[in-house]
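Here is a short round of questions on how the labels for this model are earned. Each answer sets a value against its definition.

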Amino acid sequence: MAAKNGTLARLACFFSLLFILLFSPRLYPAACSSSQNQAYEYYWQLENGLKVYFWQTSRYALSTAVLAVKAGSCLESAETSGLTHLLEHSLLFRQKPTNEKSLWQKFKEHGLYLNAHTELESIFFETLFPAELLGTVLNLLSQVVFDFKISEEDLEKEKEVVLKELKEIARDPIKVGMSTIYSLAFPATPYGQPVFGRPEAVKAVSLSALKAHHDRYFKPGQAALVIIGPLDLEKVQKTVKEIFSSLPGNFSDNTALVPSLDSEQSVLVKESRQTELTMNISETYLMAGFLAPAYKTPEHPLMDVLVEILGYGVHPLLYSVFSGYPDLVSSVRVNYFAHSQAGLLLITTITKKEKASIVKRLMRNF
């Protein structure tokens, strides 16, 4: 779905906040203020385990709500690859019985933005709304995420959509490259599974398997809610409690939500691996991945600083590699992806086929 750059930037910020919430042990009511932005931050947790973060600010005309569940593609096997992505689609676009509007239609009749996406360790559902629709939006969002009312017809329809999306992804060099890098860096581990899934596995998903996955992982105790906007704290707390407190916590299930990478696999990923893929595109992409610190480790903030020095700021070091070679590369990017068990530093350069060997040599020397 199309969105303005400002909206995407804000949502990216919100996802970072959600990631912090999802991987914190427990969060208790607290508040702090930022005089620069006239913003106040509040954290609390419902009895059923739902973590809530509210950023009270008048900086934006619209408010935002993002509900995330710690149930990403790393929970899948080769046989169930794509199940989470398919569940995301099915929850978002499922239909209602005849003469009743779907949840998607109810969002749209209010003129609201609604979207979702699946990542390695989490699945996100986000919406933008005017302040007066807080209760309506949170009620609908709760139904979208926690109510499993998906029919066989819904499932088959969304399988077609997901399979079509997988074909489009297969033509995207960045997405194909990232998926390949992860499979090389984390072979035979949950992190090596493709986030969006494999076509053959998606085709084989049954409604009972989809429901079992939802029942197992989609619980308030495994979720976090972020709300940002010019809203009243007391109203937000009351509304969140009224809508989400009735959901069962199910803390008795001690399921490992993020499978660990055992020592044998950790040794394997330290080996240097490379591959070459052929695609019908005009430019050549060189992508290099390096094992990096996991999320919330002591080295995590150091990696953030290193990435800023390498690829951003006034004089990024990566660009200096090609300073004496005009028109050698058209783009250089560096990204750091931090997950609960491990991280990945990814460097992407775009060049022409005849110049690829030079770029590769310069990058290896650097």
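Helices (H or I, at least four residues) and strands (E, at least two) are DSSP runs, numbered from the N terminus. The model is predicted: local features need pLDDT of at least 70, side-chain atom pairs count only at pLDDT 80 or more, and totals for chains, interfaces and linings use all residues. Residues are numbered from 1 along each chain as its sequence is written, and side-chain values use heavy atoms, with hydrogens and water left out.

Q: Where is Glu88 placed?
A: Glu88 sits in helix α2 (residues 83-93).

Q: Why is Glu88 said to have no salt bridge?
A: A salt bridge needs a side-chain nitrogen of Lys or Arg within 4 Å of a carboxyl oxygen of Asp or Glu. The nearest side chain of opposite charge, Lys175, is 11 Å away, so Glu88 has none. Lys and Arg count as positive, Asp and Glu as negative; His and the chain ends are not counted.

Q: Glu88 is called buried or exposed?
A: Buried. That means under 20% relative accessible area; exposed is over 50%, partly exposed in between (1.4 Å probe, protein chains only).

Q: What does Glu88 contact, leaving aside its neighbours within four places in sequence?
A: Ala116, His117, Thr118, Ile123 and Phe125. Contact means heavy atoms within 4.5 Å.

Q: What makes β8 and β9 edge strands?
A: Each pairs on one side only. Two strands pair if DSSP finds at least two bridges between them. The open sheet has the order β8-β10-β9, with antiparallel pairing.

Q: How do you know that β9 and β10 pair?
A: They share 9 bridges, in the antiparallel sense. The cut-off is at least two, therefore they pair. Tyr336 has Leu345 in β10 as its bridge partner.
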